[in-house]
Amino acid sequence: MSERVDVEQHRADVAELLAELADRPTEEVSIHREVLGRVLARDVVAPAPLPRFRNSQMDGFAVRAADVASAGPGTPVTLPVAGDVAAAPGEPVPLEPGTAVRIMTGAPVPEGADAVVPVEDTDHVTFNGIHDDSVTKVEVLRGRDAGEFVRESGSDVAEGAVVLRAGTVLAPHHVAAAAACGIARLTVRVPVSVAIVSTGSELVAPDGEPGPGQIWDANGPALAAAVRAAGGRVGLRLTVPDEPVIVRMGLERAAALCDVVVTTGGVSQGAYEVVKEALPEVTFRSVAMQPGGPQGLGRVAGKPVLAFPGNPVSAQVSFVVFLRDILRQAGSLPPLAPVPAVLDAAVGSPEGKRQLLRGRWVDDAGAGARVAVVGGPGSHLVASMAAADVLIDVPAAATTLADGAEVTTWAL
Ligand code: AMP
Ligand code: MG
C-alpha cells in the first residue's frame, strides 16, 4: 500500500526536491539570435549616453532661440540659411549668430544652436530633399525657447546607467534598447532543461500509424509544450516501451542530459507499472487528488525525477499543479496566481479528494466571473480538456458545492 499525502504536502516535497533549479547558470547570447523570453542574468549598463549626441527632434531649422524670440505669425523673423545638416556621418560646422541651418530629424545640432524651429513654423511648407541650394533664407513664423525640439545627449539614458535590469524577460523592446546602446551580446540565464519520458508499449508518435491496440502519444507533445510555455527547455523527449531495463536506460540517459526528468505512465496499480519497477529508489505515493493521484518523486542518477500518471488529463493536471510554478519561477516568469470564480451549477465531489475539474468561463473570463464544468471526470478526456479554460479547484473536504459557490481556478 503506497503512502497517502495531500496535494499541498506533495507540492511542498516537489518544491524541496527541485530547489536546485532556482540557481541558474548563465550564458552569453547574441541579440541577433533567439533571445526572446530569455531572462537577463545581469544589469545591462549603457556604455555611452543615449542619444549619443545632441540631435534634432524635427525636420526644420537649427537656430539660436534668442534670434527668433520675437517671431510670430504677423512678425516673421528672416534668417539667412547657412547650409544644411542631415542624419548622416560627420560633424556640422558651428552656427553663426543671426543665421539658421536646415536640419533633419536625428541630425546633430550644430554648436551655437540651441533650438530647432520645425519646418511647419516657417515659410518652407516641406523640404525637397537634402542639400537644396535654393534655400538661402527662411522666414520663421513662431519663436522657440532654448532647448525646444533638441534631444540632449544622454536624455534617454546616461552613460553608465542601467538600461535593462537583471531578471528582465527579454521582449522585442528590450532588444531595441540593447541594440540602440551598441550592445550586441547579453548575459542570460540558462533555462531549466527538462527530459520528458513517455512510457507505454502502446504509444505511437502523433505522426505515426497506430496498429491494433496502439494509441498516439499525447503526453510527450503536451508536456513539451507545457515546459516551453513555462520558460523551460525540452532537453530530451523519449518514448519507451514497458520494459523496465529499457525504461531505466532511458531515464539514466535523460538524467545525464537534463536538469530534471519527468515521466508519464507506469505508476498506478496495474500489472505493468514499469516506472515503479525501473526506479526502486523513487518514492511512489497516492496524492489525494483527482485526476493525478498516483505520483512519484525522487532522484535518478543524481537528477530530480517526477513520475506523473499516464492518462493525458492526469499528466497535464500534474504539470499544472506540481511543476509549472517552479519552472516559471526558475525562468523569472510571473506566477500564475489562482483566480477566484463562481460556479455556474452545483457540483458533487468525492470526500477526501481534491478535484481539479475542467472549467470554462461562461460569459466573462477572470476574477469573480462564472465558470462551468466541461466534460466528465474521466482522466482520458483530452478533447474535453481542450475545451477548458481553467481547472476548477474543489477542496478535498467538499462533497457538494452549490450553484453560485465561490471556487478558485488555475489557468491552463
Ligand atoms: P498507465 O498508467 O501507464 O497505465 O497509463 C494510464 C492510461 O493512460 C492508459 O490508458 C494509457 O494507455 C494512457 N497513456 C499513458 N501514456 C500515454 C500517453 N503518453 N499518451 C496518451 N495516453 C497515454
Ligand atoms: Mg503505461
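**Figure 1. The five-stranded open sheet of the predicted model.** In this predicted model, five strands make up an open sheet with mixed pairing, and their order is S8-S5-S7-S6-S9. The edges are taken by strand S8 (115–118) and strand S9 (137–140); each has a single partner strand, so one side of each is left without a neighbour in the sheet. On average, neighbouring strands of this sheet are turned by 40 degrees against each other, direction ignored. Strand S5 (residues 60–63) and S8 run antiparallel and are joined by four bridges. Within this pairing, Ala62 has Val116 of S8 as its bridge partner.

**Figure 2. The seven-stranded open sheet and helix H1.** A second view shows seven strands in an open sheet, ordered S1-S18-S20-S21-S17-S13-S16, again with mixed pairing. Strand S1 (3–5) and strand S16 (233–240) are the edge strands; because each has a single partner strand, one side of each is left without a neighbour in the sheet. From one strand to the next, the twist averages 25 degrees. S13 and S16 run parallel and are joined by seven bridges. Opposite Ser198 stands Thr239 in S16. Helix H1 (residues 7–17) lies across S1, strand S18 (283–287), strand S20 (294–300) and strand S21 (303–308). The angle between H1 and S20 is about 15 degrees.

**Figure 3. The largest pocket and its lining.** The largest pocket holds about 520 Å³ of space. It is lined by 34 residues, of which Gly265, Pro309, Gly310, Asn311 and Pro312 are the closest to its centre. At least two lining residues come from each of strand S13 (193–199), strand S15 (215–216), helix H6 (312–330) and strand S24 (354–361). S24 gives the most, with three residues. Sorted by class, the lining has 17 polar, twelve nonpolar and five charged residues.

**Figure 4. Strand S26 and its two partners.** All five of the five residues of S26 are buried, and the strand is mostly covered. Val390, Ile392 and Val394 point one way from S26, while Leu391 and Asp393 point the other way. S24 and S26 run antiparallel, with five bridges joining them. In this pairing, Arg358 has Leu391 of S26 as its bridge partner. S26 also pairs in the antiparallel sense with strand S28 (residues 406–411), over four bridges. Here Ile392 stands opposite Thr409 in S28.

**Figure 5. The surroundings of Leu391.** Leu391 belongs to strand S26 (residues 390–394). Its relative accessibility is 0%, so Leu391 counts as buried. Leaving out residues up to four places away in sequence, Leu391 touches Val317, Val320, Leu356, Leu357, Arg358, Met385, Thr408, Thr409, Trp410 and Leu412. Among these contacts is Arg358, the bridge partner of Leu391 between S24 and S26. Ala15 and Leu391 are 376 residues apart along the chain, and 21 Å separates their C-alpha atoms.

**Figure 6. Two cis peptide bonds that precede proline.** Most residues other than glycine have a negative phi, and most peptide bonds are trans. A cis peptide bond joins Leu50 to Pro51, with omega about -5 degrees. Pro51 is placed in the loop between strand S3 (44–45) and strand S4 (55–56). Gln290 and Pro291 are likewise joined by a cis peptide bond, and omega is about -5 degrees. Pro291 is found in the loop between strand S19 (289–290) and S20.

**Figure 7. Positive phi at Ala301 and Ser332.** Ala301 is a residue other than glycine with a positive phi, near 45 degrees. This alanine, Ala301, sits in the loop between S20 and S21. Because its relative accessibility is 54%, Ala301 counts as exposed. Ser332, also not a glycine, has a positive phi of about 60 degrees. The loop that holds Ser332 runs between H6 and strand S22 (339–343). With a relative accessibility of 22%, Ser332 counts as partly exposed.

Terms used:
Residues numbered from 1 in each chain as written. Chains lettered and ligands numbered in written order. Predicted model: local features only at pLDDT ≥ 70, side-chain atom pairs only at ≥ 80, totals over all residues. Heavy atoms only, no water. Pairing = 2+ DSSP bridges. Axes fitted to C-alpha atoms, helices over the stretch in contact; angles between N-to-C directions. Buried < 20%, exposed > 50% of the residue type's maximum accessible area, 1.4 Å probe, protein only. Contact = heavy atoms within 4.5 Å. 1 Å grid on protein atoms, 1.4 Å probe; cavity = no way out; pocket = protein on both sides within 12 Å on 5 of 7 lines; lining within 4 Å. Points joined across faces, edges and corners; volume = space filled by probe spheres on them. Nonpolar A, V, L, I, M, F, W, Y, C, P; charged D, E, K, R; others polar.
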